[in-house]
Amino acid sequence: MDRNIPASRILGTGHYLPSQVLTNDDLARRVDTSDEWIRSRTGIGQRHIAAPEEASSDMAAAASRLALEAAGLSPNDLDAIIVGTISPDKRMPACAVYLQQKLGVTNNCPSFDLSAACAGFIYGLGVADAFIRASQSRYVLVVGVELLSRVIDWQDRATCVLFGDGAGAAVLGPSDGDGRGIVSTHLYSDGSKANDLHIPGGGTLMPFSAEVLERREYYVRMNGQEVFKYAVRAISRAAGTAIESNGLTPNDIDWVMPHQANKRILDGVRQRCGVPKERFFINIEETANTSSASVPIVLDQAVRSGHVRRGQNLVFCALGGGFSWGSALVRW
Ligand code: UT7
C-alpha cells in the first residue's frame, strides 16, 4: 500500500540467537560439503542452532522481552501479537499463543501466526500497521522466528548448509505525526511457484505416515536455482517500489536491510536496485539464513550498534516460500 503519512512506528526492537554455533567445518564432518563451497556459493560461515530444550516460542520470547524493554512497555500493554514463522512449536495452536503465555500477557489480546516464510516479518509489519491505522490496536508485537534446524534435512547438502535458527522482534505503536514510522509496505505472492520451496508432507495433502517419514518428505525441499533467479528479480523490484512509490531515489536510502537469503542473491539485488553497496546491512556470514527472523535480527543489530539514526530511511525486503515477498519503507 502506498502512503506518505505514517500511522505507526517501531518503538523498540530485539533479537535472539542461540549460543550454539555450527561452523561450516563442523557441518562438513556431517555431510559431503566444504567451507570453501559454502562460502563461495552463499557467503555463509556459520549458523546458530537451538538447544534441544528450546522451542521457537522461547526464542521469540527472548527477542520480544528486549523489544518491549527498548519500547518502554510492559507485556500487558500489547494489543496484538503477530508471529511470522514456518517452524512453530506445534501445528496447532499458533506459536503466538505460546509466546503470549511466556511473556505473561494476560489481557486476551489476539495472537496469531502468519505463514509467509522468509517474508513473514514484513507481512507482519504490514498487518500491524493496518491494525494501528484502523485503530484496532495501539501496540502490536511483530516477531519473525525460525527453528529451521528441526525442519531441514541434515542429509540434503543443498539445503542444510543454508539455514540457521534465531528470532527478531519489533514493537509497533502509533506514530508521533512527525513523518517518522512505517511509510509503506508492499506485499506479493506467486502461487505458481508454491512447490519450488515447500515442506511436502505433514499437512492435509500428505498427512504423516510411515511412507512420508521414510521418504523424508516432512523436511524443507527447495529448487535452489529457481529460488535464486526469482529472488534477485523480485526482491530488487520490491525494494525499487518501496523507494519510487514514496518519491525517493536510491541515494535517499540510508540502509537496506534485506532478508539474508544468500550473499550472491544480495549482490544481485545490490546491482539492480542502485543503492550503494556500503548501505546494505549484511550479517549472513555469522547468522546464515534465518528466514522470517533475518530482517528483524539485522534491524536490531543495526539499531543497537548505533548505525541507525533518527530520520534515516530504511528499506526492508525479503522473498521466500510461496513465493511470497515484499518490502517496507521505514523512516526511523
Ligand atoms: O530464503 C530463500 C531460501 N533459499 C535460497 O536463498 C536459495 C537460493 N539458491 C541458492 O542459494 C543456490 O541454488 C544453492 C546455494 C542452494 C545451490 O547452489 P547452486 O550453484 O545452485 O548449486 P547446484 O544446485 O546447481 O549444484 C551444483 C553442484 C552439484 O554438483 P554436480 O551435480 O554439479 O556434480 C551439487 O550436487 O554443487 C553440488 N552441491 C554441493 N557441493 C558441495 C550442492 N550442494 C552442495 C554442498 N556442498 N553443500
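Guide: Two strands pair if DSSP finds at least two bridges between them, where strands (E, at least two residues) and helices (H or I, at least four residues) are DSSP runs numbered from the N terminus. This is a predicted model, in which local features need pLDDT of at least 70, side-chain atom pairs count only at pLDDT 80 or more, and totals for chains, interfaces and linings use all residues. Residues are numbered from 1 along each chain as its sequence is written, and side-chain values use heavy atoms, with hydrogens and water left out.

Visitor: What makes strand 11 and strand 12 a pair?

Guide: Strand 11 is joined to strand 12 (residues 313-320) by 4 bridges, and the definition asks for at least two, so the two strands count as paired. They run parallel, and Val256 has Val315 of strand 12 opposite it. Helix 11 (residues 294-304) packs on the sheet and touches strand 11 and strand 12, where a contact means heavy atoms within 4.5 Å. The direction of helix 11 makes about 145° with that of strand 11; such angles run from 0 to 180 degrees between N-to-C directions, with axes fitted to C-alpha atoms, for helices over the stretch in contact.

Visitor: Which strands are called the edges of that sheet, and what makes them so?

Guide: The sheet is open, with 4 strands in the order 8-13-12-11 and mixed pairing. Strand 8 (181-189) and strand 11 (255-258) pair on one side only, and that is what makes them edge strands. Between neighbouring strands of this sheet the turn is 15° on average, with direction ignored.

Visitor: Why are strand 1 and strand 5 said to stand at the edges of the other sheet?

Guide: That sheet is also an open one with mixed pairing, built from 5 strands in the order 1-7-6-4-5. Strand 1 (8-16) and strand 5 (111-114) each have a single partner strand, so one side of each lacks a neighbour in the sheet. From one strand to the next, the twist averages 20°. Strand 5 pairs with strand 4 in the parallel sense over 4 bridges, and Phe112 in strand 5 is the bridge partner of Ile82. Here, too, helix 11 packs on the sheet, touching strand 1, strand 6 and strand 7 (165-174), with its direction at about 95° to that of strand 1.

Visitor: What makes the ligand's approach to Trp37 a polar contact?

Guide: A polar contact is a pair of N or O atoms within 3.5 Å (within protein, one must be able to donate a hydrogen and the other to accept it, and residues adjacent in sequence count only if both atoms are side-chain atoms). A nitrogen atom of the ligand is 3.3 Å from an N or O atom in the Trp37 side chain, so this pair falls within the limit. An oxygen atom of the ligand lies 2.9 Å from an N or O atom in the side chain of Arg157, while a backbone N or O atom of Gly224 is 3.0 Å from a ligand nitrogen. On its own the ligand has 950 Å² of accessible area, of which the protein covers 72%, by the Shrake-Rupley method with a 1.4 Å probe.

Visitor: Which residues come nearest to the ligand, and what does being near require?

Guide: A residue is near a molecule if one of its heavy atoms lies within 4 Å of it. There are 22 residues around the ligand, of which Thr33, Arg41, Gln225, His259 and Asn262 come nearest. Helix 8 gives the largest share of this shell, 4 residues.

Visitor: What makes the peptide bonds before Pro93 and Phe323, and the phi of Ser135, worth pointing out?

Guide: Most residues other than glycine have a negative phi, and most peptide bonds are trans. The bond between Met92 and Pro93 is cis, with omega about 0°, and Pro93 sits in the loop between strand 4 (80-84) and helix 4 (95-103). The bond from Gly322 to Phe323 is cis as well, with omega near -15°. Ser135 has a positive phi, near 60°, and belongs to the loop between helix 5 (120-133) and strand 6 (140-147).
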